[in-house]
Amino acid sequence: MLSMVLALALCGSAGPSAAQSQAEHLIAPTPEGFKFLGKDTRADGAVTEIWQPIGQTDKNWTEQIAIRTMPNKAAGSDPVALLQVIDKQMATACKDSPTPARILPGKSNGYGTATMMTRCAQGPDSGKPESALFHVIKGTANLYLVIRAAHFEATGDQVKQWIRYVGSVRLCDDRTPDHPCSKPQ
């Protein structure tokens, strides 16, 4: 489902602590037990980075994290609208997914965000149950799409863990006091 979702998003990514523009920084910790799988840059400027559990391959995985960084001009500028597009595409690809998904708008460090959870009883790519949590942060220069996906039906405890993870992904910009970056201690 992750490959399908990334293709459907029509919109790339930041590493564990990478600069995305002059001073806009996405800080995304690598969860314990995960390894960096690779990075893909598209012609439209979107960049996707993927992590998965150690010992799994890109062909045989049960869980992945992807972070896609998309230039605002290419992706649009509304986190809720982006998730609405993904939700519609997911509903088409996964006939048993409830539509529309519940999209929760919010704020993080002064930036607009939106979050959505999807489930599919039989993923179109894997044929297995699939779950995915999507979290979008609208930066000044880019939209950041964080996806935590699995080839299984996520339990309530797993979803809580995923929510904690996407909540730990933080965007900051040291050019403005409205979006402060943590200073080294």
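**Exercise 1.** In this predicted model, determine which residue in the hairpin of S3 and S4 takes a positive phi, and establish how the two strands run.

*Solution.* Begin with the connection itself: the hairpin of S3 and S4 has 5 residues between the strands, and Gly45 takes a positive phi near 95° there. Next, consider the pairing, in which strand S3 (residues 34-41) and S4 run antiparallel and are joined by 7 bridges. Finally, locate one position along this pairing, where Asp40 is found opposite Thr48 in S4.

**Exercise 2.** Follow S4 to its pairing with strand S5, and decide whether the residues of S4 are mostly buried or exposed.

*Solution.* First, S4 and strand S5 (residues 63-71) run antiparallel, with 5 bridges between them. Within this pairing, Ile50 has Ala66 of S5 as its bridge partner. Then turn to accessibility, where buried means under 20% relative accessible area: strand S4 (residues 47-53) has 7 of its 7 residues buried, and is thus mostly covered.

**Exercise 3.** Locate Asn109 and examine the sign of its phi.

*Solution.* Start with the position of Asn109, which belongs to the loop between strand S6 (103-108) and strand S7 (111-120). Its phi is positive, at about 55°, although Asn109 is not a glycine. As background for judging that value, most residues other than glycine have a negative phi.

**Exercise 4.** Find how many aromatic pairs the whole structure holds, and identify the ring over which the charged end of Arg148 sits.

*Solution.* The search of the whole structure returns 1 aromatic pair. Taking the charged end of Arg148 next, one finds that this group sits over the ring of Tyr165, at 5.3 Å from the ring centre.

Note on methods. Residues numbered from 1 in each chain as written. Predicted model: local features only at pLDDT ≥ 70, side-chain atom pairs only at ≥ 80, totals over all residues. Heavy atoms only, no water. Phe/Tyr/Trp six-rings, centres within 6.5 Å; stacked < 30°, edge-to-face > 60°. Lys NZ or Arg CZ within 6 Å of the ring centre and 35° of its normal. Helix = DSSP H or I, 4+ residues; strand = E, 2+ residues; numbered from the N terminus. Buried < 20%, exposed > 50% of the residue type's maximum accessible area, 1.4 Å probe, protein only. Pairing = 2+ DSSP bridges.
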